[in-house]
Amino acid sequence: QVQLVESGGGLVQAGGSLRLSCAASGGTFGAYAMGWFRQPPSNEREFVAGIAWSGRSSNYANSVRGRFTISRDDAKNTVYLQMNSLKPEDAAVYYCARDETTFRDGVSPDPNRYDVWGQGTQVTVSS
(Lines give C-alpha, C1' and ligand atoms only; values in the text may rest on other atoms or scores of the structure.)
Protein backbone atom coordinates (compact mmCIF):
# COMPACT_ATOMS: atom_id res chain seq x y z
CA GLN A 1 0.00 0.00 0.00
CA VAL A 2 1.36 3.39 -1.01
CA GLN A 3 1.67 6.05 1.65
CA LEU A 4 2.69 9.68 1.35
CA VAL A 5 3.96 11.63 4.34
CA GLU A 6 4.48 15.38 4.17
CA SER A 7 6.78 17.35 6.41
CA GLY A 8 8.37 20.78 6.61
CA GLY A 9 5.38 22.96 7.31
CA GLY A 10 5.38 25.57 10.02
CA LEU A 11 5.10 29.24 10.84
CA VAL A 12 7.10 31.73 8.79
CA GLN A 13 7.06 35.48 8.36
CA ALA A 14 5.98 36.98 5.08
CA GLY A 15 8.91 37.03 2.70
CA GLY A 16 10.41 33.94 4.27
CA SER A 17 10.96 30.45 2.90
CA LEU A 18 10.00 26.89 3.67
CA ARG A 19 10.78 23.58 2.02
CA LEU A 20 8.14 20.91 2.12
CA SER A 21 8.99 17.27 1.66
CA CYS A 22 6.79 14.34 0.74
CA ALA A 23 8.18 10.88 1.28
CA ALA A 24 6.54 7.94 -0.45
CA SER A 25 6.59 4.35 0.70
CA GLY A 26 5.39 1.40 -1.35
CA GLY A 27 4.66 1.38 -5.05
CA THR A 28 6.93 2.51 -7.85
CA PHE A 29 7.57 6.17 -7.11
CA GLY A 30 9.46 6.94 -10.29
CA ALA A 31 6.58 5.92 -12.58
CA TYR A 32 4.20 8.64 -11.42
CA ALA A 33 3.81 12.36 -11.69
CA MET A 34 3.53 14.02 -8.31
CA GLY A 35 1.62 17.10 -7.31
CA TRP A 36 1.33 19.57 -4.49
CA PHE A 37 -2.04 21.00 -3.61
CA ARG A 38 -3.19 23.32 -0.85
CA GLN A 39 -6.41 24.05 0.96
CA PRO A 40 -6.79 27.39 2.69
CA PRO A 41 -9.36 27.74 5.46
CA SER A 42 -12.92 27.76 4.16
CA ASN A 43 -11.75 27.19 0.62
CA GLU A 44 -11.43 24.42 -1.92
CA ARG A 45 -8.32 22.41 -2.51
CA GLU A 46 -6.24 23.96 -5.28
CA PHE A 47 -3.33 22.91 -7.43
CA VAL A 48 0.03 24.42 -6.53
CA ALA A 49 2.67 22.56 -8.54
CA GLY A 50 3.34 19.25 -10.20
CA ILE A 51 6.27 17.40 -11.67
CA ALA A 52 6.22 14.74 -14.35
CA TRP A 53 7.32 11.19 -13.66
CA SER A 54 10.51 11.87 -15.63
CA GLY A 55 11.26 15.05 -13.73
CA ARG A 56 11.73 16.82 -17.07
CA SER A 57 8.61 18.95 -16.92
CA SER A 58 6.71 20.78 -14.23
CA ASN A 59 3.65 22.92 -13.93
CA TYR A 60 2.75 25.71 -11.51
CA ALA A 61 -0.27 27.69 -10.49
CA ASN A 62 0.00 31.30 -11.64
CA SER A 63 -0.11 32.46 -8.03
CA VAL A 64 3.13 30.67 -7.14
CA ARG A 65 5.08 30.64 -10.40
CA GLY A 66 8.49 32.22 -9.91
CA ARG A 67 8.35 31.78 -6.12
CA PHE A 68 7.87 28.02 -5.67
CA THR A 69 9.94 25.21 -7.14
CA ILE A 70 8.99 21.55 -7.24
CA SER A 71 11.61 18.84 -7.53
CA ARG A 72 11.90 15.12 -7.00
CA ASP A 73 14.56 12.66 -5.90
CA ASP A 74 13.56 9.21 -7.08
CA ALA A 75 16.44 7.59 -5.19
CA LYS A 76 14.83 8.85 -1.99
CA ASN A 77 11.21 8.44 -3.14
CA THR A 78 10.68 12.07 -2.20
CA VAL A 79 9.18 15.13 -3.82
CA TYR A 80 9.96 18.62 -2.57
CA LEU A 81 8.34 22.02 -2.74
CA GLN A 82 10.67 24.94 -2.15
CA MET A 83 8.60 27.98 -1.26
CA ASN A 84 10.24 31.39 -1.32
CA SER A 85 8.89 34.91 -0.85
CA LEU A 86 5.94 33.54 1.06
CA LYS A 87 2.82 35.66 1.36
CA PRO A 88 -0.01 35.52 3.90
CA GLU A 89 -2.27 34.21 1.15
CA ASP A 90 -0.02 31.15 0.82
CA ALA A 91 -1.17 29.97 4.24
CA ALA A 92 -2.95 26.63 3.92
CA VAL A 93 -2.69 22.94 4.55
CA TYR A 94 -0.40 21.57 1.86
CA TYR A 95 -0.90 18.09 0.47
CA CYS A 96 1.18 16.00 -1.84
CA ALA A 97 -0.49 13.54 -4.14
CA ARG A 98 0.38 10.83 -6.62
CA ASP A 99 -1.03 10.76 -10.15
CA GLU A 100 -3.43 7.90 -10.78
CA THR A 101 -1.73 7.05 -14.11
CA THR A 102 1.76 5.76 -14.67
CA PHE A 103 3.99 7.57 -17.14
CA ARG A 104 1.47 10.32 -17.84
CA ASP A 105 2.58 12.76 -20.51
CA GLY A 106 2.85 16.02 -18.62
CA VAL A 107 1.35 17.17 -15.35
CA SER A 108 -2.34 17.46 -14.58
CA PRO A 109 -3.63 20.24 -12.28
CA ASP A 110 -6.89 18.34 -11.75
CA PRO A 111 -7.02 16.87 -8.23
CA ASN A 112 -9.36 14.16 -9.54
CA ARG A 113 -6.40 12.77 -11.49
CA TYR A 114 -4.57 11.95 -8.25
CA ASP A 115 -5.49 8.91 -6.24
CA VAL A 116 -3.05 8.79 -3.32
CA TRP A 117 -2.83 11.69 -0.89
CA GLY A 118 -0.78 12.54 2.14
CA GLN A 119 -2.23 13.75 5.41
CA GLY A 120 -1.15 17.35 4.84
CA THR A 121 1.18 19.79 6.54
CA GLN A 122 0.17 23.21 7.81
CA VAL A 123 1.87 26.33 6.48
CA THR A 124 1.19 29.57 8.32
CA VAL A 125 2.51 32.90 7.08
CA SER A 126 2.43 35.90 9.38
CA SER A 127 2.27 39.40 7.96
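In this predicted model, Ser-108 is placed in the loop that runs between strand E9 and strand E10, the latter spanning residues 114-117. Although Ser-108 belongs to a loop, the residue counts as buried, because its relative accessibility is 10% and the cut-off for being buried is under 20%. A polar atom of the Ser-108 side chain lies 3.1 Å from the backbone nitrogen of Asp-110. When the neighbours within four places in sequence are left aside, Ser-108 is in contact with Phe-47, Arg-113 and Tyr-114.

One of these contact partners, Phe-47, also appears in the description of the nonpolar cores. The largest nonpolar core has 28 residues, and those with the most contacts inside it are Trp-36, Leu-81, Met-83 and Tyr-94. Two or more residues are given to this core by each of the strands E3 (18-25), E4 (32-39), E5 (46-51), E7 (68-73), E8 (78-83), E9 (92-102) and E11 (121-126). Of these elements, E3 gives the most to the core, with four residues. A second core, separate from the largest one, consists of six residues, and Phe-37, Phe-47, Ala-52 and Ala-97 are included among them.

Strands E3 and E9, both of which contribute to the largest core, are also joined by a covalent link, since Cys-22 lies in strand E3 and Cys-96 in strand E9, so that the disulfide pair ties together parts that are 74 residues apart in sequence. The count of disulfides comes to one, and in this bond between Cys-22 and Cys-96 the sulfur atoms are 1.9 Å apart. The link of Cys-22 and Cys-96 is right-handed, with 50 degrees about the S-S bond. Cys-22 counts as buried, because its relative accessibility is 0%, and Cys-96 counts as buried at a relative accessibility of 0%.

Charged side chains were examined next, and the count of salt bridges comes to six. In one of them, the side chains of Arg-38 and Glu-46 meet with a distance of 2.6 Å from N to O. The two partners fall into separate accessibility classes: Arg-38 is buried, because its relative accessible area is 4%, whereas Glu-46 is partly exposed, with a relative accessible area of 31%. Salt bridges that share partners join Arg-38 and Glu-46 with Arg-67 and Asp-90 into one network.

Another salt bridge is formed by Arg-72 and Asp-74, whose closest N and O atoms are 2.8 Å apart. Here Arg-72 counts as buried, because its relative accessible area is 15%, while Asp-74 is partly exposed, with a relative accessible area of 35%.

A further salt bridge is found between Asp-115 and Arg-98, where the closest N and O atoms are 3.9 Å apart, a distance that counts because the cut-off is within 4 Å. This pair links distant parts of the chain, given that Asp-115 lies in strand E10 and Arg-98 in strand E9, and that the two are 17 residues apart. Asp-115 is partly exposed, because its relative accessibility is 41%, whereas Arg-98 is buried, with a relative accessible area of 12%. The two strands that hold this pair, E9 and E10, are also the strands between which the loop with Ser-108 is found.

Methods:
Residues are numbered from 1 along each chain as its sequence is written. This is a predicted model: local features need pLDDT of at least 70, side-chain atom pairs count only at pLDDT 80 or more; totals for chains, interfaces and linings use all residues. Side-chain values use heavy atoms; hydrogens and water are left out. A nonpolar core is a set of buried Ala, Val, Leu, Ile, Met, Phe, Trp, Tyr and Cys residues joined through side-chain atoms within 4.5 Å. Buried means under 20% relative accessible area, exposed over 50%, partly exposed in between (1.4 Å probe, protein chains only). A polar contact is a pair of N or O atoms within 3.5 Å; within protein, one must be able to donate a hydrogen and the other to accept it, and residues adjacent in sequence count only if both atoms are side-chain atoms. Contact means heavy atoms within 4.5 Å. A disulfide is a pair of cysteine sulfur atoms within 2.5 Å.
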